[in-house]
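Good morning, colleagues. Please turn to the sequence and the structure, which I shall now put on the screen.

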Amino acid sequence: MADARIQVPAQVRRGEAFEVKVIIRHAMETGYRLTDDGKPIPRNVIREVTCRYNKVEVFRAETSSGISANPLITFYVMARDSGELVFDWIDDTGVRGTERAPVSVAG
Amino acid sequence: MMLMAAAFLLGAAACLAQAQQRNIALPELRSGSTYMSPDIKAMQDDTFANPAMLWVEKGAKLWNAATGASAQACASCHKDAAASMKGVAARHPAFDNKAGKLLNLEGRINQCRTARQGAPALAYESEELLALTAYVAHQSRGLPLNVAIHDGARPHFERGQVLYQRRMGQMNLACMHCHEWNAGKRLLAEPISQGHGNAYPAYRLEWQAAGSLHRRLRACYFGVRAEMPLPGAQDLLDLELYLGWRGQALLVETPGVRR
């Protein structure tokens, strides 16, 4: 269940930085909470998010339990060539997710 | 002259009757979003940053996915939700004559699943039902709440009103004690809203997830330390109808973001 939304401008200009936003659906369970009957809920947060732009890694975040559920990450990437952004992430239980978005470069 | 005076009196009487038909006068009617800080309001209005849009987007996928014995998707009959579902959430809960009961949007979706798609009903508060409800309700964003209190719905409306006004729980409070008598004041750090359901299903920061109006109502039951009805219970449906009537003319904000 890949559940993420990515926002990239419809068109970007070569050589200019453009804003990338990604929101990933994840409970980001901190490990500090208890169930109603007092049992600890094991920690399960996204450990790492990477973004590759035409196969080259352009962004990496090591996320932890201080980050809210359904984290929203914003960063900037320099426009080079048309292609795609590929996001990959992995959580504490080893579940991986991936989502991609096309990038259209003008000029 | 007499005639004019009589007409004026009649007009005034009609106005009075209309005013009595609302328990919050139109100029005083305030959506929950007007009590929030500007940054949370901005989060709700930004269709990307609004985390509940994850549920809406998932609902769009479910809308187009064939399911059940009929192998039909919602879209097979209803086509484009943007056209066919526009205004539907604003009219719910509604009394269904054929089924002989009050259905809210969740109930309507499940009725369609079981009766038409040949699929099992989705559990109340399940991710799938929340996603579909949020997606369908999102198509009414910006339209005024407009529930009908027809013959069949009348007893449910009256029951909802009784529940709204009746003291309950260890705190011995009724809904109206906070949301009508003390709306606009604070309960510790939190502003007390008028308690409208026009943004649900909504993403609550406290939940770190999207949830239904029934989940929110249950939180109030918990707050006054009363026994909580299960999500989808008749009491909550009746309350939902009463709240819809009470909030009539408020615009649907689904999916909302709340504290």
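Into which domains is chain B divided? Before I answer, please note that this is a predicted model. The assignment gives domain 1 of chain B, covering 35–49 + 144–258, and domain 2, covering 53–138. Their centres, taken over C-alpha atoms, are separated by 21 Å. On the domain 1 side 27 residues take part in the contact, and on the domain 2 side 18 residues do so.

Let me describe the surface between these two domains of chain B. Domain 1 and domain 2 bury about 1800 Å² between them, and carbon and sulfur atoms give 70% of that area. Three residues of domain 1, namely Pro201(B), Leu237(B) and Pro255(B), supply 22% of the area that this domain buries against domain 2, more than any other three residues.

How many salt bridges does the rule find across the interface of domain 1 and domain 2 of chain B? The count is 0. Polar contacts do occur there: 5 residue pairs, both partners being at pLDDT 80 or more, are counted between the two domains of chain B. As for secondary structure, the elements of domain 1 that give two or more residues to the side touching domain 2 are strand E6 (209–211), helix H10 (213–223) and helix H11 (234–246) of chain B. The largest share, 5 residues, comes from H11(B).

I turn now to the interface of the two chains. Here 16 residues of chain A are in contact with 15 residues of chain B. The area buried between chain A and chain B is about 1300 Å², and carbon and sulfur atoms contribute 53% of it. On the chain A side, Arg5(A), Arg25(A) and Asn70(A) lose the most area to chain B, together 52% of what that side buries.

Across the interface of chain A and chain B the rule finds 2 salt bridges. The side chains of Arg25(A) and Glu127(B) form a salt bridge, with an N to O distance of 2.2 Å. In addition, 5 residue pairs in polar contact, both at pLDDT 80 or more, are found across the interface of chain A and chain B. The elements of chain A that give two or more residues to the side touching chain B are strand E1 (4–7) and strand E3 (17–24).

Next, the salt bridges in general. How many does the structure hold over all chains? The total is 20 salt bridges. Within chain A, Glu48(A) and Arg60(A) meet through their side chains at 2.8 Å, N to O. Glu48(A) lies in strand E4 (residues 46–53) and Arg60(A) in strand E5 (residues 56–62) of chain A, so this pair ties together parts that are 12 residues apart in sequence. Both partners are partly exposed: Glu48(A) has a relative accessibility of 26%, and Arg60(A) has a relative accessible area of 41%.

In chain B, Glu180(B) forms a salt bridge with Arg246(B), and their closest N and O atoms are 2.9 Å apart. Because Glu180(B) sits in the loop between helix H9 (175–179) and strand E3 (186–187) of chain B, while Arg246(B) belongs to helix H11 of chain B, the pair ties together parts that are 66 residues apart in sequence. Glu180(B) is partly exposed at 27% relative accessible area, whereas Arg246(B) is buried at 1%.

Another pair in chain B is Arg204(B) with Glu206(B), whose side chains meet in a salt bridge at 2.9 Å, N to O. Is each partner buried or exposed? Arg204(B) counts as buried, at 7% relative accessibility, and Glu206(B) is exposed, at 58% relative accessible area. Salt bridges with shared partners also join Asp3(A), Arg25(A) and Glu127(B) into one network.

Finally, the cysteines. The count of disulfides over all chains is 0. Why is Cys175(B) without such a bond? The closest cysteine sulfur, in Cys220(B), is 6.9 Å from the sulfur of Cys175(B), which is too far for a bond. A disulfide would require the two sulfur atoms to be within 2.5 Å. Cys175(B) is buried, with a relative accessible area of 18%. For Cys178(B), the closest cysteine sulfur is likewise in Cys220(B), at 7.2 Å, again too far for a bond.

Thank you for your attention.

Note on methods: Residues numbered from 1 in each chain as written. Chains lettered and ligands numbered in written order. Heavy atoms only, no water. Buried < 20%, exposed > 50% of the residue type's maximum accessible area, 1.4 Å probe, protein only. Domains from an automatic or database assignment. Contact = heavy atoms within 4.5 Å. Buried area = accessible area lost by both parts, 1.4 Å probe. Salt bridge = Lys/Arg side-chain N within 4 Å of Asp/Glu carboxyl O. Polar contact = N/O pair within 3.5 Å; in protein donor to acceptor, adjacent residues only side chain to side chain. Helix = DSSP H or I, 4+ residues; strand = E, 2+ residues; numbered from the N terminus.
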